[in-house]
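Good morning, colleagues. I shall take a few minutes to go through one protein model, beginning with a pair of residues and working outward from there.

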Amino acid sequence: MRLTLLPFVPMFAVLIWAAIEDVRTRRIRNTLTLTLALAGIAQSFWMVGTVSPVGSILGLLVGFSLGLSLFLLGGMGGGDVKLLAAVGAWMGPWGVLYTMVGAAIVALVIVLFNATRDGQLASLFRSAAVLVSRSIYARPTNPRQAFEVGMAHVSVGRPLPYAVPVLAASLAVAIIGV
C-alpha cells in the first residue's frame, strides 16, 4: 500500500461496512453516510488530508448532485446518493466524478454477469434498446416513466447493492491517485 493511501483508510473501513450492509439489507443507514461525510470534511483540515476543505465541500456537492440525478431517474437509491456525497467529501469533485464513472462500469459488469447467469441477457439488451429508442423518439416528459417502460421486460429481482461498485471504484481511484 502506498503511503498516499493511508489517509483514505477510515473511508475504506466505512465503505466496506456500508457495502456489507447494502448487500445484506439493500439499505445504507443515514448515520453511516453522515459520519463518513462529516469525517471527510474534518479530515480535509488536517495537514495529511486527502483534499482541501474547499475540495471536500465541492466533492460532497458534486457527489450529491450526480447521485440525485440518478435517483430522480430511478437508477439509484437514496442511501446511495448520500454515500456518493460522503465519498465526495473525501475525494473532492474530480475524485468523486471518476469514482462515479468507475462505479457505473463496475455496476454494468455486475448486471451483465447476473443477467447472463439468470438467462436474462437478451431481455436486458432488448429493454435497453426500447429505453434508448423511446428516449430519442418519444421524448417522454417523465424520465422515470421512460426507464420503467424500457425495463418492463427484465426481471431484475433485488436491486443492485450500489455500495459495492462505489467501494471498488473509490479504491481504484485512490490507488491511481487522481
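Let us begin with two phenylalanines. Phe8 and Phe12 are both buried. I should say at once that what we are looking at is a predicted model. These two residues also form an aromatic pair, with 6.1 Å from centre to centre and 40° between the planes, and the pair is classed as tilted. The structure contains 2 aromatic pairs.

Phe8 leads us to another residue, Met91. If we set aside the neighbours within four places in sequence, the contacts of Met91 are Phe8, Met11, Val51, Val96, Thr99, Ser170, Val173 and Ala174.

Met91 in turn brings us to the interior. Which residues have the most contacts inside the largest nonpolar core? They are Met11, Leu15, Leu36, Leu83, Met91 and Val166, in a core of 31 residues. Two or more residues of this core come from each of helix H1, at 9–25, helix H2, at 30–43, helix H4, at 78–117, and helix H7, at 163–176. H4 gives the largest share, with 11 residues.

Let me now place this core in the chain as a whole. The secondary structure consists of 7 helices and 0 strands, and the pattern along the sequence is accordingly written α-α-α-α-α-α-α. The protein chain has 178 residues, of which 35% count as buried. Among contacts with a separation of 6 or more, 70% are between residues 24 or more positions apart.

I turn next to the surface. The chain exposes about 10,200 Å², and carbon and sulfur atoms supply 72% of that area. One feature here is a nonpolar surface patch of about 600 Å², made by Phe45, Trp46, Met47 and Val48. Val48 is located in the loop between H2 and helix H3, the latter spanning 53–72. Is Val48 buried or exposed? Its relative accessible area is 58%, so Val48 counts as exposed.

Another loop also deserves a remark, namely the one between H1 and H2, where Arg26 lies. The phi angle of Arg26 is near 60°, a positive value in a residue other than glycine. With a relative accessible area of 26%, Arg26 is partly exposed.

Finally, the charged pairs. How many salt bridges does the structure hold? There are 2 salt bridges. One of them links Glu21 and Arg29, whose closest N and O atoms are 2.9 Å apart. The partners fall into separate accessibility classes: Glu21, at 12% relative accessibility, counts as buried, whereas Arg29, at 42%, counts as partly exposed. The 20% limit for burial is what places Glu21 on the buried side.

In the other salt bridge, the side chains of Arg117 and Asp118 meet at 3.1 Å, N to O. Here Arg117 is exposed, with a relative accessible area of 53%, while Asp118, at 46% relative accessibility, counts as partly exposed. Over 50% is the requirement for the exposed class, which is why Arg117 belongs to it.

To restate the main points: the model has 7 helices and 0 strands, and its largest nonpolar core has 31 residues, with H4 as the largest contributor. Outside that core, we have considered a nonpolar patch that includes Trp46 and the salt bridges of Glu21 with Arg29 and of Asp118 with Arg117. Thank you for your attention.

Key: Residues are numbered from 1 along each chain as its sequence is written. This is a predicted model: local features need pLDDT of at least 70, side-chain atom pairs count only at pLDDT 80 or more; totals for chains, interfaces and linings use all residues. Side-chain values use heavy atoms; hydrogens and water are left out. A nonpolar core is a set of buried Ala, Val, Leu, Ile, Met, Phe, Trp, Tyr and Cys residues joined through side-chain atoms within 4.5 Å. Buried means under 20% relative accessible area, exposed over 50%, partly exposed in between (1.4 Å probe, protein chains only). Helices (H or I, at least four residues) and strands (E, at least two) are DSSP runs, numbered from the N terminus. Contact means heavy atoms within 4.5 Å. Accessible areas come from the Shrake-Rupley method with a 1.4 Å probe; for residues, only the protein chains shown count as cover. Rings of Phe, Tyr and Trp (its six-membered ring) pair if their centres lie within 6.5 Å; planes under 30 degrees apart count as stacked, over 60 as edge-to-face and the rest as tilted. Patches are made of residues with over 30% relative accessible area and no salt bridge: like charges are joined within 9 Å, nonpolar side chains (Val, Leu, Ile, Met, Phe, Trp, Tyr) within 5 Å. A salt bridge is a side-chain nitrogen of Lys or Arg within 4 Å of a carboxyl oxygen of Asp or Glu.
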